[in-house]
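Please look over the structure below. The report that follows goes through selected residues, helix pairs and annotated spans.

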Amino acid sequence: MTVIEAKGALERTRTPSPPHRARRRAGNRADQLFLLPAVLFAAVTVVYPLVYSVLQAFQDVGLREVIRGGAEWVGFANFADQFGRAEFWQALWLSLVYTVGTVVLTYVGGLALALLFVREFAGRNVMRALLMLAWILPTVVGANVWRWLLDGSYGLLNAVLRGLGLIDGDLFWLGQPGPALVSVIVATAWSFAPFAMILMVAGLQGVPAMLYEAARIDGASAWQQFRHVTLPALRPVSVTVMLLIFIFAFKTFDTIYLMTRGGPGGATLTLPLYAFQEAFEFRRYDTAAVATTVMLLVPLVLSIFYFRSLRREEAA
Amino acid sequence: MRTVVRASLVAAAAVLAAAGCASGGGTGGGEPSEPLSVWQFYGDESMPTGKPFYDLVARYEQQSGTDVDIRFIPYDDFNRTLTQAAAAGDGPGIALISAFDTAAMADAGVIQDLSAQVQDWGQQGAYFPTNWESTQADGKTYGIPHLADAYAVYYNTAMVQQAPTTWTEMESTAAALSGEGRSGLAVSGIEGAEGATGLAIRMLAAGAQPTEIDSPGGHAALESLRRMVQSGALSEGFLTWNEEDAKNQFATGQAAMMINSATYVNILREENPDLQWSVAVLPSEATGQTMLSAENLTIGATSDDTDRAWDLITFMQRPEELQVYLPERNKLPARSDVPGTAEDPVRAVFAQQLQQAWAPDAALAPHTTEVLTALQAALQQTISGTPAPDAARAAQATIDEALGTS
């Protein structure tokens with residue numbers, strides 16, 4: 001703001017008289033005090049639980065230690081224990097499969113919806129509002145809707161498949177490992193896709209019309225326009241969408257817990273459910289903290305990688 | 001300067017407001033004028049599983065003039081909330097907890113030692129030994145049994161004349177009743193501890209303890225349930241059913257029989273008045289034992305309102321109050337001197353079944369969830385095609401590690 005001021009004014013700002021300086025210092029202190037509630041709030045609700053959780057990963061913590069304190073410091077022993085367990089790696093692997101599956105499905109679904117809704121057509125706003133319900137609905141409602149849809153005895157999906165003559169008898173989608181994993185991925189992508197759509201509609205609206213015009217003059221087909229104009233122009237938005245969905249999906253607990261509780265046979269026991277089971281069912285708070293620490297690190301590393309690449313891109 | 005002072009006051013007010021908002025949780029009722037807090041996981045006042053508890057407490061309030069604040073916390077969140085509150089020094093006056101969690105909560109210091117009060121009270125001899133045992137830890141008493149529950153066989157009398165009395169009969173009868181979208185038997189098999197009850201009952205019948213899945217009895221139980229799925233006697237979907245789902249299968253005629261607790265007696269009577277059904281004790285083999293399901297009344301370790309809490313607990317255990325409360329709650333007494341239990345023929349069957357109840361001992365109790373979760377995993381693997389001995393061996397390794405016996 002001071003750049004557009006007159007030179008003399010700038011000089012006055014840079015070398016204020018002592019009474020002015022004192023007033024500014026007092027003003028700064030006042031500003032900082034106004035920030036204090038927000039800083040305290042963040043410290044209490046974010047920093048403290050985070051540090052507390054990470055510290056638990058380095059201690060021997062059961063129910064007794066949570067209540068009475070006195071947890072013994074064990075260094076990396078909990079990490080060594082967990083990294084030596086097939087169950088832990090299985091949970092991490094399932095988390096990655098679930099997350100990548102959700103990101104791909106959400107991105108494709110969101111992009112398809114964005115391409116549809118960026119055009120003008122009758123009933124567009126109503127349809128878009130209806131689609132947004134999937135994002136707005138409480139997870140408990142969405143997950144139970146999917147449980148009902150996929151129910152082997154009464155589910156709508158089986159009724160349709162039976163009607164088409166594609167299956168005979170009951171098919172329990174959530175009772176078999178492979179279908180259960182696919183089901184929770186589809187249900188999660190269904191709820192995230194409208195959010196991705198909104199971001200990508202904004203991205204599509206920012207693509208200059210003249211690029212398409214030039215492509216058409218050059219004889220580009222609709223697919224070529226999409227491939228060589230739309231997708232490159234959407235790249236920054238696409239990366240943001242994928243990163244956000246990755247972070248949302250990687251920490252998702254409620255949808256999976258409500259649909260399968262991590263089953264059948266641990267087929268959908270992702271890292272958040274594994275941590276929950278360790279802490280609140282088996283009362284092993286220390287090994288649960290190892291899982292949550294890993295859960296923290298994976299998106300963190302991904303975010304750092306993303307922001308670095310963003311900076312490189314901006315610099316170029 | 002005035003600006004700084006004003007900003008400081010605003011900031012301080014905001015912090016105080018935030019602190020004030022945060023301190024409104026369950027209190028042990030430090031001041032006698034404050035309501036006595038009771039935490040429970042049965043349900044809220046509008047739910048059939050919660051209302052009888054509220055009515056029972058209301059009778060106490062009316063009689064004693066004491067204000068009681070009941071807080072309903074869903075079961076899945078209950079232990080976590082209780083633990084966090086205890087760690088923050090803000091636990092409830094009374095906590096209604098699972099009988100199997102009592103020893104672990106006592107060891108952690110979440111609940112108070114009630115040995116002195118129990119000694120003065122002198123009614124411990126009235127309780128069934130299996131129930132009373134669940135209140136003990138390190139030779140001290142940490143709770144009073146609130147009620148008990150057992151599993152039995154519900155059967156649709158329009159389809160089944162007489163319930164099977166052995167597991168061989170159960171397999172053949174359930175298979176004969178299956179077909180046309182209906183299964184012979186419904187039982188919960190969902191992921192986690194809840195879904196292991198059917199297998200644990202089958203293991204007990206085969207002569208195996210729930211901690212002994214890799215044993216002839218454990219293998220026999222797994223193979224029995226797999227045979228039932230293969231014959232259609234038990235729907236493969238049972239691996240996705242909780243106890244409520246199993247009840248729905250039975251209530252809608254999709255299952256001719258179900259193994260479930262007494263919780264659903266009144267619900268079936270009220271919601272499905274046309275359904276013709278009855279109840280029989282579990283099929284027997286080496287034994288016909290049920291898993292015990294029970295809750296204990298405890299006093300929070302941080303409560304300084306122990307006298308009022310103890311007064312309410314003893315009120316709730318008066319036989320004449322239990323006589324009114326238990327039928328409404330679909331549960332059974334944990335003590336032998338409650339009149340009226342045998343008057344209702346259905347409740348009488350559950351009471352009879354309760355005579356053959358299995359409960360984990362003090363060493364196993366804190367690990368019950370882990371053991372049952374391992375059993376359910378073995379069940380799921382067996383149904384998916386893994387040979388029963390292989391599934392049992394993997395589960396046994398988990399159980400042994402949990403119990404420190406590996």
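Which loop of chain B holds Arg182(B)? Arg182(B) sits between helix H7 (167–177) and strand E8 (183–186) of chain B. The model is a predicted one.

## Arg182(B) and its surroundings

Arg182(B) is partly exposed, because its relative accessibility is 29%, and the partly exposed class lies between 20% and 50%. Its side chain reaches back to helix H7's end of the loop: the backbone oxygen of Leu177(B) is 2.9 Å away.

Neighbours within four places in sequence are set aside here. Arg182(B) then contacts Met159(B), Leu177(B), Gly253(B), Gln254(B) and Ala255(B). Ala255(B) belongs to strand E9 (residues 255–261) of chain B. A long-range pair gives some scale. Arg182(B) and Met316(B) are separated by 134 residues in sequence, and their C-alpha atoms are 42 Å apart.

## Met257(B) in strand E9

Strand E9 of chain B also contains Met257(B). Is Met257(B) buried or exposed? Met257(B) is buried, because its relative accessibility is 0% and the cut-off for buried is under 20%.

Met257(B) can be paired with Gly340(B) for distance. The two are 83 residues apart in sequence. From C-alpha to C-alpha, Met257(B) and Gly340(B) are 27 Å apart in space.

## A contact between chains A and B

Asp245(B) is part of helix H10 (residues 243–251) of chain B. With 17% relative accessibility, Asp245(B) counts as buried, since that class covers values under 20%.

Which side chain makes a polar contact with the side chain of Asp245(B)? The partner is Arg147(A), at 3.1 Å. Arg147(A) falls in residues 130–149 of chain A, one of the spans that UniProt annotates as "transmembrane region" in an unreviewed entry. Beyond its neighbours within four places in sequence, Asp245(B) is in contact with Arg147(A) and Thr240(B).

## Helix packing around H9(B)

Helix H9 (residues 216–231) of chain B meets helix H8 (residues 197–205) of chain B. Their axes come within 8 Å and cross at roughly 125°. H8(B) is therefore oblique to H9(B). The crossing is right-handed. On the H8(B) side, Leu199(B), Arg202(B) and Met203(B) make the contact. H9(B) supplies Gly218(B), Ala221(B), Leu222(B), Ser224(B) and Leu225(B).

H9(B) also packs against helix H15 (residues 368–383) of chain B, with axes that come within 9 Å. At what angle do the axes of H9(B) and H15(B) cross? The angle is roughly 45°, so this pair is oblique. H9(B) passes H15(B) in a right-handed crossing. Leu222(B), Leu225(B), Arg226(B) and Val229(B) of H9(B) make this contact. From H15(B) come Ala378(B), Leu379(B), Thr382(B) and Ile383(B). Leu222(B) and Leu225(B) of H9(B) appear in both contacts.

## Annotated spans in chain A

UniProt, in an unreviewed entry, lists residues 92–306 of chain A as "domain: ABC transmembrane type-1". In the model this span is 77% helix and 0% strand. Its end C-alpha atoms lie 21 Å apart.

The record's "transmembrane region" annotation, also from an unreviewed entry, includes residues 180–212 and 233–250 of chain A. Residues 180–212 are 91% helix and 0% strand, with end C-alpha atoms 42 Å apart. Residues 233–250 are 100% helix and 0% strand. The end C-alpha atoms of that span are 27 Å apart.

## Backbone features in loops

The loop between helix H12 (254–260) and helix H13 (271–281) of chain A contains Pro264(A). A cis peptide bond joins Gly263(A) to Pro264(A), with omega about -5°. Arg261(A) is in the loop between H12 and H13 of chain A too. Its phi is positive, about 55°, although Arg261(A) is not a glycine. At 23% relative accessibility, Arg261(A) is partly exposed.

Chain B offers another positive phi in a residue other than glycine: Asn330(B), near 60°. Where is Asn330(B) found? Asn330(B) is in the loop between helix H13 (319–329) and helix H14 (345–354) of chain B. Asn330(B) counts as buried because its relative accessible area is 7%.

Key
Residues numbered from 1 in each chain as written. Chains lettered and ligands numbered in written order. Predicted model: local features only at pLDDT ≥ 70, side-chain atom pairs only at ≥ 80, totals over all residues. Heavy atoms only, no water. UniProt positions renumbered as here; feature names shortened; annotations may be inferred. Helix = DSSP H or I, 4+ residues; strand = E, 2+ residues; numbered from the N terminus. Buried < 20%, exposed > 50% of the residue type's maximum accessible area, 1.4 Å probe, protein only. Polar contact = N/O pair within 3.5 Å; in protein donor to acceptor, adjacent residues only side chain to side chain. Contact = heavy atoms within 4.5 Å. Axes fitted to C-alpha atoms, helices over the stretch in contact; angles between N-to-C directions. Parallel < 35°, antiparallel > 145°, perpendicular 65-115°, else oblique. Left-handed = near helix turned anticlockwise from the far one by under 90°.
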